[in-house]
Amino acid sequence: MIPKNLLINKPASPEIIRIAEKLFKNDEPLFAVVGDLELDSRYGEGAVYVTKDRIVAIGSGFDGGFFSLDFADTDKISVKRMYGNAVLKAVTAGGSTIDLMRFTFAMADICDAAADFVTKVKEGESVEDRLAAVEGTFKNLRSFCPKCGRKLPSPNADCLNCQGKGKIAATMLRYIKPYAGKLVFCIFLSIVTTVAALVPPYVTSLMVDSVIPSGSKKMLVAVIAFLVLVYVVQYGIGALRAYHLRIAGDGIIADLKKEIYAKAQYLPMKFYDKTSTGSVINRVNSDTTVLQQFMLRITQEAVVQLFTMIGIIIIMMCMNWKLTLLSLTPVPIVVLCSRYFGKKIGPLYRRIWRRGVAISSILSDTIPAVRIVKSFSSEEKAVKNFSRQVDDWLYEDKKAGKVAAIFPNIITFLITCGSVIIWFVGGNMVIDTPDKLSLGVLVSFISYTSMFYNPVSFFANLSDSYQNALASTEKIMDIINAEPEHDFGKDNTLDTIKGKIEFRNVNFSFDRSKKVLNDVNFVINPGDVVGIVGTTGSGKSTLINLLMRFYDDYEGEIFIDDVNIKDIDMGYYRSQIGYVQQEPMMFRDTIFNNIAYSVPGAHPEQVLNAADVANAHGFISRLPDAYDTMLGERGVGLSGGEKQRLSIARAVLKNPGILIFDEATSAVDSETEKLIQDAINRLIRGRTTLMIAHRLSTLRKANKIIVVDKGNIIEFGTPEELMALKGKYYKLINIQSMSEKVAAEKAAENFE
Amino acid sequence: MSRNFIDGNEIRITVKDKIFCDVEFFSGEKLCNLEPRRLFPVSGLSEYITFLDENGEEQFILRKLENMEPSQKELLLGCLEEYYRIPKITRLVSRSEKHRIWLWNVETDKGNYTFEIINHIQSMKMFYDKRILIKDGNDNRYEIPNIYELDKRSQKLILPDM
């Protein structure tokens, strides 16, 4: 029978349940997986139910709707990942292959777990242990936010992405808030200038109707003096407002840039695997500016224009309500046009943004790699490629330009029509009934009308900058709202790190279409020097990436000194690991600062000692500027071996409990390798060390070897044990020994 | 190490298990359980097909499908079609966004389906100004062979993001 609390990824359809209930009369499934494709790859449903000794597939592709296979009759069961979906396949003891269930990659992890369960139980492992691993996978599957689909820190936890998340306006408000005082002050100044701007047309009507016809020069001078005073107030306050506005605007953009950069530092490696650096740079530089301009438009100009519009309507209504209503006739058309324009221009701005990113990506690819471009004489090709992208951008920008140029002119035309109507109707009224509407009032009314259309035009055109800002905001939000690395064990540090490392049932894939690590289990004891060997792409570096917590969304657990690494403060944890990469990364700074990068504020003697241990002091002291030598971008000016020794010096200075060398000597000559190897030998004493290596010479110090192949640990033990095993390691050593022998013979010949 | 390039008329294949086949050369040599895969699954669908053995080691590369005998070509295409089976979107029924996650409800040649796209910029790529490949939040792929052959509404919803 089917237990009520059956471990299942989602509810099965009634048809599947009906068949399952019929099938499990005498035994009980331990877990089930409901798939989302039919065997012919049409969207539909299939399922597998797994008991302790058989697996049952249910679906429309089987005769009778199901297929049952005892573990004993199974030769092999595995998940075959294809380009667009995957299949759970079984090979029977008789040699025939059966597709049990087809599914999208959403189900890939649990189907892997199901296949592992059957394989391992059949091999004799305990059902309870294997079921625990399956439960872990199901738990992981439930750790997704039902709202946004992002992975949760722990099952049923609140989603950081969806927590208190507002719309664009709310996001903008967050950045505006620190400058609220300044902006409110600017709004106050705006009101003053707006009121001042409304005075001159009224004064005009006074001049035309009363002052000039009266012939009083004294009154004329007084009115003009008043007018000058109004202008002084208007423009003086305008200047003050502009200054404060700039200060606030710069503050907003600075905060935005800082936050995006800071956020970018804490984003997981997965984000950078999928996002080009050009795109990130574009967001920090261009998009923040677009957003800042829009925020200022909204908080300042929009407010000013709104006040202006209200003020003018009140004044116009007081002057002549009939003409006021007449002047409002073009407004609905302007609003409709504006909506249409917004819809039209929005997508165009999104396309322009994409083209802009493409240009930035080429720049960030080719400018740093200018040596490669030159070495392949690819300057012309690079120029052509860049030109093509710029032309693409130009094409899209022209399209947007056309729309953006036509629309404001249509608005202006409509506004002009409004003024013409007022001239026509008002002119007739002045001629026919001068007692009801004087010439001065008409002139003043026309001035107010044209002033009134400014805010209308502003709000009509706002959709243009709104759409532009929306496109930029979307991109900025991608970073600001991206899920950061989770520091589950914040503030949880260990007294000392002894260096015991354990991988327990670890599975990992960068994306679900390809599994990179498969059920990895091993224990490394404190002080062990472990060589990790395997072919390129076998998963060696991924093991290190997981240990470094560059990727946290793996299945299974990794322990340091019997503590799950996810439960340790991330900053503290990484500070306890010295990591030397194959391609050492240097910053555009002095050699001293590059070494001291690992321990900011390190004493000069500590840095000198670290450089000495790393065999770097000798070459540094021979440089004209010694430790003050300024390195170019990514360490330009130093050889690969020199950079590597600086990177080892960094690790020495850090004094970590665990050391990791990721093919640290693979790209240097034998002499430099010896220097680096000497440095490494001095550094590793008494520390747990993991060394990814191809060269035999690097592995000589190792007391344990891990052999990785296609994501599996195929051999693990002491070098002697593995040699006796005569497996992959044995073969590798033989090949290496032979090639070293040949190389030595050749070197001897050349020497002779 | 030189690759073993061959032409379509040099081999005869027998399909074993949908995506696997046995290959017999005219010299009489026979290789079993090979898995044909495209070396250019995006840009060159009928050129440079690699044949991998059970360990994933390449045995040879078939230059072009065109030179094959029609029935043989059909068999090989069947293998490839099975491996590269991705739904072809025929209509975008609806598209909505919440918390920067886009929900697409589509009609495909494999039926109706709803999927999520985490990031429009990274998950959609246009090739040759008409073919669009889409990857959803679970790394499943979808294809629009020619965006301009979709209905106007679908085009209007998709094209601005290209």
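Modeller: Let's start with a term we'll need: two residues are in contact if their C-beta atoms, placed from the backbone, lie within 7 Å. Keep in mind, too, that this is a predicted model.

Biologist: Got it. So how many residues of chain A take part in the contact with chain B?

Modeller: Each chain brings its own set of residues to this contact. Chain B puts in 25. On the other side, the number from chain A is 29.

Biologist: Which element gives the largest share of the side of chain B that touches chain A?

Modeller: Two elements of chain B, β9 (111-117) and α2 (120-123), each supply at least two residues of that side. By class, the side has 9 nonpolar, 8 polar and 8 charged residues. The largest share is 4 residues, and the element that gives it is β9(B).

Biologist: Staying with chain B, which residue in the turn between β10(B) and β11(B) has a positive phi?

Modeller: Strands β10 (residues 124-127) and β11 (residues 131-135) of chain B pair in the antiparallel sense over 4 bridges, and Lys125(B) stands opposite Leu133(B). The two strands form a hairpin with 3 residues between them. Most residues other than glycine have a negative phi. In this turn, the one with a positive phi of about 50° is Tyr128(B).

Biologist: Over to chain A. What percentage of its 752 residues count as buried?

Modeller: Chain A has 23 helices and 18 strands. Take its contacts between residues at least 6 apart in sequence: 71% of them join residues at least 24 apart. As for the residues that count as buried, the share is 34%.

Biologist: Which helix gives the most to the largest nonpolar core?

Modeller: That core has 63 residues, and those with the most contacts inside it are Ile532(A), Ile595(A), Ile648(A) and Ala649(A). Several helices and strands could be in the running, so look at the counts: the top contribution is 6 residues, and it comes from residues 640-654 of chain A, which is helix α19.

Biologist: Why does this core lie between two domains, and which are they?

Modeller: A core that draws residues from two domains has to sit between them, and that's the case here. One giver is domain 3 (488-576 + 658-670 + 685-752) of chain A. The other is 582-655 of chain A, so the core lies between domain 3 and domain 4.

Biologist: How many residues are in the second, separate core?

Modeller: In soluble globular proteins, nonpolar side chains tend to be buried together. This second core includes Val50(A), Phe105(A), Ala114(A) and Phe117(A). Its residue count is 56.

Biologist: Now the open sheet of 6 strands in chain A: which are its edge strands?

Modeller: The order is β14-β15-β16-β11-β17-β18, with mixed pairing. An edge strand pairs on one side only, so we want the two ends of that order. The twist averages 15° from one strand to the next. The edge strands are β14 and β18 of chain A.

Biologist: Which residue stands opposite Val708(A)?

Modeller: Strand β17 (residues 704-709) of chain A is joined to β18(A) by 5 bridges, and the two run antiparallel. The partner of Val708(A) sits in β18(A) and is Ile713(A).

Biologist: At about what angle does α19(A) run to β14(A)?

Modeller: Helix α14 (residues 540-547) of chain A lies across β11, β15, β16 and β17 of chain A, at about 145° to β16(A). Helix α19(A) lies across β14 and β15 of chain A. Its angle to β14(A) is about 175°.

Biologist: Is Lys710(A) buried, exposed or partly exposed?

Modeller: Lys710(A) is in the loop between β17 and β18 of chain A, and has a positive phi of about 50° although it is not a glycine. Buried takes 20 or more other C-beta atoms within 10 Å, and exposed takes 12 or fewer. Lys710(A) has 16, so it is partly exposed.

Biologist: Last one: how far apart are the C-alpha atoms of Ala196(A) and Val232(A)?

Modeller: Ala196(A) lies in helix α5 (residues 180-214) of chain A. Not counting residues up to four places away in sequence, Ala196(A) touches Val230(A), Val233(A) and Gln234(A). Ala196(A) and Val232(A) are 36 residues apart along the chain, and their C-alpha atoms are separated by 9.5 Å.

How values were computed
Residues numbered from 1 in each chain as written. Chains lettered and ligands numbered in written order. Predicted model: local features only at pLDDT ≥ 70, side-chain atom pairs only at ≥ 80, totals over all residues. Core = buried A, V, L, I, M, F, W, Y, C linked by C-beta atoms within 7 Å. Domains from an automatic or database assignment. Nonpolar A, V, L, I, M, F, W, Y, C, P; charged D, E, K, R; others polar. Pairing = 2+ DSSP bridges. Axes fitted to C-alpha atoms, helices over the stretch in contact; angles between N-to-C directions.
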